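Thanks for asking me to look this over. Here are my notes as numbered points, to be read with the structure open beside them.

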Amino acid sequence: MKYSVKMRASKNNDKENLHIGGAESIVDEEDLLNIINSLASRGLNHSRGQADFVNIKINKVREEDIINIRALKTKTIEVDTKEEGLVVMEKLLNSMGIENPQRVIDLLINTKNMRGAIILNILSLERMEGDLDKGVRVTNMDFASRRDISNKNHFKEALCLATKTLNAKAIIGEVCISDDPDYVTGYLANKKEYIRITKLKERGDLNGGRVFLYDPRLDTIENTIDYLENQLVIVHE
Ligand code: WAQ
Ligand code: MG
C-alpha cells in the first residue's frame, strides 16, 4: 500500500497568507509516520521564515494509477554572475525556438510569492493558469529511491518536478529560480535535458518562480493541467 503525503507551509503577513514552501512524497505504509514527521519539521523551519500554518495531507494511492518515468539527463553550466546566468538562459531558450526569450525571462524574474508555476502559451504569449496568483502546482510525484527528506535537496526535488513536467505532451520547456534566499542555482529544462545554471539571482533575494512553456498545438490546456496536478509519477534515476 502506498500513500501520497503533501506538506505546505505559510505565514501571516498583515492580512495576507504568504506561501513559505511545500514538499511531498509517495511512500510505503511502513514509512508513512516518519515522512510525516520529516515534512512537518521542514515546514516549521524554513529559510523563508517560520510558519504560522503547516498543512499535511495524506492520500492513499492505487499502485496501478502510478506511471514510471526516467529522470531527465542533467548538466551544469557554471557562471559567475546572475547577469551571465540570464544570458545563458536566453541563449538556451533561443536555441529551443522560443521567439521571445526576454518575455519568458521577464516573467520569471518578476514572479514572487506564487505557490505554483506560470504556464505561458508560446504562440500567443498569454498566461494559461486559471488562478494567476497561485499558478499551477505540480504534485503527485516522487523518486523511486528512498531519501531523507527532512532537509530540502533543491537539485533532486527540482529534477523530479521537471521530469514530471516535461513529460507532459505539450510542455516543451521550463525555467526556474528558487524563492529560497540562500539558493541561487536555477535551471532550464527541455524534453531531453535538465540544465543547471549556477547563478540566476543574488543571495538574500526572496523572489523566485517557475515558467512552463506550453505549445497549444500538442495538447489542450485542460489535459495538461490535469496531468500536472493529478497524474501519479515515480521518477527513476
Ligand atoms: N509546482 C509548480 N510550481 C512550483 C512548485 C510546484 N510543486 N513548487 C514551487 N513552485 C514554484 C513557486 O512559484 C516557487 O516560488 C518557485 O517555483 C520556486 O520554488 O539543479 O527550490 O521550491 O540545483 O523554491 C532549483 C534547483 C531549486 C536547481 C528550485 O524552487 C539545481 C527550488 P522552490
Ligand atoms: Mg522555495
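1. Let me begin with the charged cluster. E30, D31 and R146 are joined in a network of salt bridges. Please keep in mind throughout that this is a predicted model.

2. Within that network, the D31–R146 salt bridge has its closest N and O atoms 3.2 Å apart. The two partners come from distant parts of the chain, 115 residues apart: D31 sits in the loop between strand 2 (16-28) and helix 1 (32-44), whereas R146 sits in the loop between strand 9 and helix 4. Their surroundings are worth a look too. D31 is buried, at 11% relative accessibility, while R146 is exposed, with a relative accessible area of 64%.

3. How many salt bridges does the model hold by this rule? The count is 16. One that I would display is E174 with R210, where the closest N and O atoms are 2.9 Å apart. This pair also ties together distant parts of the chain, since E174 belongs to strand 10 and R210 to strand 13, 36 residues apart. E174 is buried at 0% relative accessibility; R210 is partly exposed at 21%.

4. For another setting, look at E64 and R62. Their salt bridge has a closest N to O separation of 4.0 Å. Here E64 is exposed, with a relative accessible area of 60%, and R62 is exposed as well, at 51%.

5. R210 brings us to ligand 1. A polar side-chain atom of R210 lies 3.0 Å from an oxygen atom of this ligand, so please view this contact together with the salt bridge from R210 to E174. Ligand 1 is surrounded by 25 residues, and the closest are V138, D179, Y183, Y194 and R196. V138 approaches through its backbone, with an N or O atom 2.8 Å from a nitrogen atom of the ligand. D179 uses its side chain, where an N or O atom is 2.5 Å from a ligand oxygen.

6. D179 has a second role in the picture. Which residues supply the protein donors of the magnesium ion (ligand 2)? They are D179 and D180, each through OD, at 2.0 to 2.2 Å from the ion. Are these two buried or exposed? D179 is buried, with a relative accessible area of 14%, and D180 is buried too, with a value of 2%.

7. Now to helix 5, which covers residues 221-230. Its buried residues are I221, T224, I225, Y227 and L228. Viewed down the helix axis, they fall within an arc of 160°, so they line one face of the helix. The spacing makes sense in general terms: an α-helix has 3.6 residues a turn, so residues three or four places apart point the same way. Among the elements covering the buried residues of helix 5 are strand 6 (66-70), strand 8 (118-121), helix 4 (154-166), strand 10 (171-177), strand 13 (209-214) and strand 14 (232-236).

8. Last, a look at S124, in the loop between strand 8 and strand 9 (141-143). At 37% relative accessibility, S124 is partly exposed. Its side chain makes a polar contact of 3.1 Å with the side chain of E126. S124 and D215 are 91 residues apart in sequence, yet their C-alpha atoms are 9.7 Å apart in space.

Key: Residues are numbered from 1 along each chain as its sequence is written. Chains are lettered from A and ligands numbered from 1 in the order in which they are written. This is a predicted model: local features need pLDDT of at least 70, side-chain atom pairs count only at pLDDT 80 or more; totals for chains, interfaces and linings use all residues. Side-chain values use heavy atoms; hydrogens and water are left out. Donors are N, O and S atoms within 2.8 Å of the metal (3.2 Å for Na, K and Ca); water is not among the atoms, so sites may look incomplete. Buried means under 20% relative accessible area, exposed over 50%, partly exposed in between (1.4 Å probe, protein chains only). Helices (H or I, at least four residues) and strands (E, at least two) are DSSP runs, numbered from the N terminus. The arc is that of the directions from the helix axis to the C-beta atoms. Contact means heavy atoms within 4.5 Å. A polar contact is a pair of N or O atoms within 3.5 Å; within protein, one must be able to donate a hydrogen and the other to accept it, and residues adjacent in sequence count only if both atoms are side-chain atoms. A salt bridge is a side-chain nitrogen of Lys or Arg within 4 Å of a carboxyl oxygen of Asp or Glu. A residue is near a molecule or strand if one of its heavy atoms lies within 4 Å of it.
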